[in-house]
Amino acid sequence: MLENQDPATLKYVGKGALRAEGVEKMTGQAVYASDMVMPGMLYAQVKKSPHARAKILGIDVSKAEALPGVRAVLVGSELDYRLGLYVVDKDILAKGEVRHYGEAVAAVAADTLEIAKAAVDLIEVKYEVLPPILNHMDALKKDAPLVHPDLGTYDFVKAAFTPVPGTNIANLTKLRKGDVEKGFAESEWIIEREYTNPSVQHVPMETHVAIVQWKTGDDVTIWTSAQSPFTVRSLFCYAFKLPLNKVRVVIPHVGGGFGGKAGIHIEPLVACLSRKAGGAPVKFQATREEEFSLLPCRSALTYRIKTGVRSDGKIVAQKMSMYWDAGAYADYAVNVTRASGYSGAGPYEIPNAWLDAYTIYTNKPYGTAYRGFGHVEFFWGLERHMELVAQAIGMDSLEFRRKNALRPGSVTLTGEVISENSGNVLKCINEAAASIGYGSLSADEKAREKETGRKIGKGIAALHKAPAMPPFTATAVIIRMNSDGTVLVNLALTEIGQGSVTAYSQIVAERLKFRLDQVKVTVEKDTDRDPYDWQTVASKGIILTGNACILACDDLLKGAYETAGQILRAQSCDLDHDDTRVFVRHHPEQGVTFASIAVGYAYPDGNAIGGPLIGVGRYVAQGLSNLDKETGQGYPALDWTYGAHGIVVEVDPATGEFRILKIASIFDVGKAINPDLVRGQCIGGMVQGLGTAVCEGYIYDQEGHLLNPSFTDNKIPTSKDIPDEIDCAVVETPQLDGPYGARGVGEHPMISVAPALGNAIQHAVGAELLHMPIRAEDVWRAMRNSGPIDNWITKTPSGSCRSDPAARRHDPDHAITP
């Protein structure tokens, strides 16, 4: 939409602009859910399970109920409701059995936070501890205990997901393209490896917070730190069987989400406490430790890839098996499985492909959406695999990627044909390689090696991602003109740090030809006031909401022109406008101000025409479809955003310690609406990706206790971990259905940072890394375990090579053996 507009004619789109909500945040005036206090508000706390799996034999709440200041106590047996995004499998409070360490088994609302904490400590729970299932590969065994014996009775979204009753498989996604066995038979090399990574916490700056008031007549108001107001409302009403107009969801400023706040989590429990407390508003705010165990995380993954290649480096066949650790509940993990499945071959053309992606229940905190929606995890394996395949056949890995990259005319795993406007991954790869000087060391780098004794390596990793969303995803925008000619823009896509308020202000100002200070996009979201939006996830907002903004502008201008045409006695086609007035194009002195027609135009005698100027824009995803459940064929992708990272690293060959000297991140964004915001997303996402790459991950003991539920032992990057040099750049291949040609880039900077680092380390010291995070000790061990290439591939009589699929497997989460 407007993708071919001459950049020279654009005043705001493609230009930098200060964040619209930046001053409010920087001065501390922005109000978050955690800041809010209501008259008569109570404070909630939860009793959490100390066991990963146990029967609940009894709960004694008498002492808690007797404590002065306690207004409500709840246990699971009181609540006959179940929650779930795609598979409805979770009780509000555990009933009968706890399924993960940290699961809520009881809750209290009291006059003060201190009283609530004391009351929770007085609740006594008797358990029968059971052996937990902690490894998702063990959960697939025939004799494995079932985390959800009643899986076959749960509601689920049948069009997209396939639970397997009688197993621990919450969903199985299949993709089939071509004839994979024939492809392997025609291959001259066959390489098979396994790659793993652990669960990771989102760690938003603001933890989960909700205030809920359940008033008389079942009128419920929810103030929450969630990402998606209409999702919270929809899932809440589904669980409690309430009409949608009985529940209002309000989202103020949100201190980060990264997917962890995308669904519904604490709101139903807080609502039940409010109802039991007689309708008083109740607030619950998770501690940092509760974020790690009570609330969801990113799923662990084991990814097995078997690739058949010709001697010229062309991939002929690939068989992929993804094993996703959902934890105790399906939540978003089943959709992560689906989205990673149809994207699982990466930005490469595979003529013959087979992919099975499993979502597997275990007795661990449950997995949900996380920035990149599964792609950070599987691209670790995929891009390490591309590196190792190239090494096996004796080809430079950059050239190997170039040879197999998607290009116009290529066909994806699901049967979509790539076009000239789909994006250009080759250009991203080439620019990343050029930025880091891939393939050789500069004179300065050679001198640095000699001076420090460290080895310098350079690595490349490519990426792609499409929005993971239903094919009917829709949004709407309403623009209202004030009586002074300024406009107010209402939309339900939530500002969670990505800069959407600013970007949409620029789009609206550009389309209306208004000054930027005439446009206000509301930050607070309210389901009683704002028009519908599916969710704030998936990097889909810039296309769907951006297009709806343009259409709303056009609708508002249509009304303005109709009214002005009557006043000026001119046809709409002869009118034009600037930031203050509508005028006759060939007689510009004849005009009328927006302020005079904004709420209706009054003639001198008092007669009036027109009325309030309001523009409505509606946009729905075009041309998408559900995937065939047996073959995975269909059209799931609204768009593809391609990118690549290049990393320069220096490694101490004696200790395995390493430092990133430079990272180059290149993305095809179609059109950068605000280049400054894009750079901010690129740097922020890259640093977050470094955390995944080098230090983050859950650690459990053999009983399923989470051993690192805080920043004391679960580190995230700091300013000291940022690379010495950062190069962010964009490629602009216009997206035909994107606003001014734009496509999303919010998630993508985090994807493929880890494999780019792993590839660079391998180029430096030969360390073969198959598990992330990558710590210095992992590099040290890998350097000493590394042997000749034939320790993982063997010649076959036909002259092909085949790896040992059992070699060097790792558990997805670290486990400490007593």
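**Pockets, cavities and salt bridges**

The lining of the second largest pocket is made up of 18 nonpolar, six polar and four charged residues. The structure described here is a predicted model, and in this model the second largest pocket has a volume of about 610 Å³. Its lining comprises 28 residues, and those that lie nearest the centre of the pocket are Leu85, Tyr86, Val157, Pro470 and Trp534. Two helices, α5 (229–240) and α8 (333–343), each supply at least two residues of this lining, and α5 gives the most, with six residues. Where, in terms of domains, does the second largest pocket lie? Because domain 1 (33–132 + 208–285) and domain 3 (473–620) both give residues to its lining, the second largest pocket lies between these two domains.

From the pocket we can turn to the enclosed spaces. Rolling a probe the size of a water molecule over the atoms shows where empty space is left. A search of the whole structure for cavities of 30 Å³ or more finds five. The largest cavity has a volume of about 200 Å³, and 18 residues line it, with Lys90, Ile92, Ala104, His265 and Leu294 lying nearest its centre. Sorted by class, the lining of the largest cavity holds 13 nonpolar residues, two polar residues and three charged residues.

The second largest cavity contains about 110 Å³ of space, and its lining divides into four nonpolar, three polar and four charged residues. Among the residues that line the second largest cavity are Leu172, Thr173 and Lys174, together with Arg338, Asp628 and Lys629. Strand β9, which covers residues 169–177, gives the most to the lining of this cavity, with three residues.

Strand β9 also leads to the charged pairs of the structure, since arginine 176 lies in this strand. Side chains of opposite charge can pair when their charged atoms come close. The structure holds 38 salt bridges, and one of them joins the side chains of arginine 176 and aspartate 356, at 2.9 Å from N to O. Aspartate 356 lies in strand β17 (residues 352–361), whereas arginine 176 lies in strand β9, so the pair ties together parts that are 180 residues apart in sequence. Both arginine 176 and aspartate 356 are buried.

A further salt bridge is formed by the side chains of glutamate 650 and arginine 454, at 3.9 Å from N to O. This pair, too, links distant parts of the chain, as glutamate 650 is in strand β29 (residues 641–651) and arginine 454 is in the loop between α12 (443–452) and β18 (455–465), 196 residues apart. Is glutamate 650 buried or exposed? Glutamate 650 counts as buried because its relative accessibility is 5%, and the cut-off for a buried residue is under 20%.

In another salt bridge, arginine 529 pairs with aspartate 530, and their closest N and O atoms are 3.2 Å apart. Arginine 529 has a relative accessibility of 35% and therefore counts as partly exposed, whereas aspartate 530 is buried, with a relative accessible area of 6%. Elsewhere, Arg19, Glu21, Lys25 and Glu495 are joined into one network by salt bridges that share partners.

Key
Residues numbered from 1 in each chain as written. Predicted model: local features only at pLDDT ≥ 70, side-chain atom pairs only at ≥ 80, totals over all residues. Heavy atoms only, no water. 1 Å grid on protein atoms, 1.4 Å probe; cavity = no way out; pocket = protein on both sides within 12 Å on 5 of 7 lines; lining within 4 Å. Points joined across faces, edges and corners; volume = space filled by probe spheres on them. Nonpolar A, V, L, I, M, F, W, Y, C, P; charged D, E, K, R; others polar. Helix = DSSP H or I, 4+ residues; strand = E, 2+ residues; numbered from the N terminus. Domains from an automatic or database assignment. Salt bridge = Lys/Arg side-chain N within 4 Å of Asp/Glu carboxyl O. Buried < 20%, exposed > 50% of the residue type's maximum accessible area, 1.4 Å probe, protein only.
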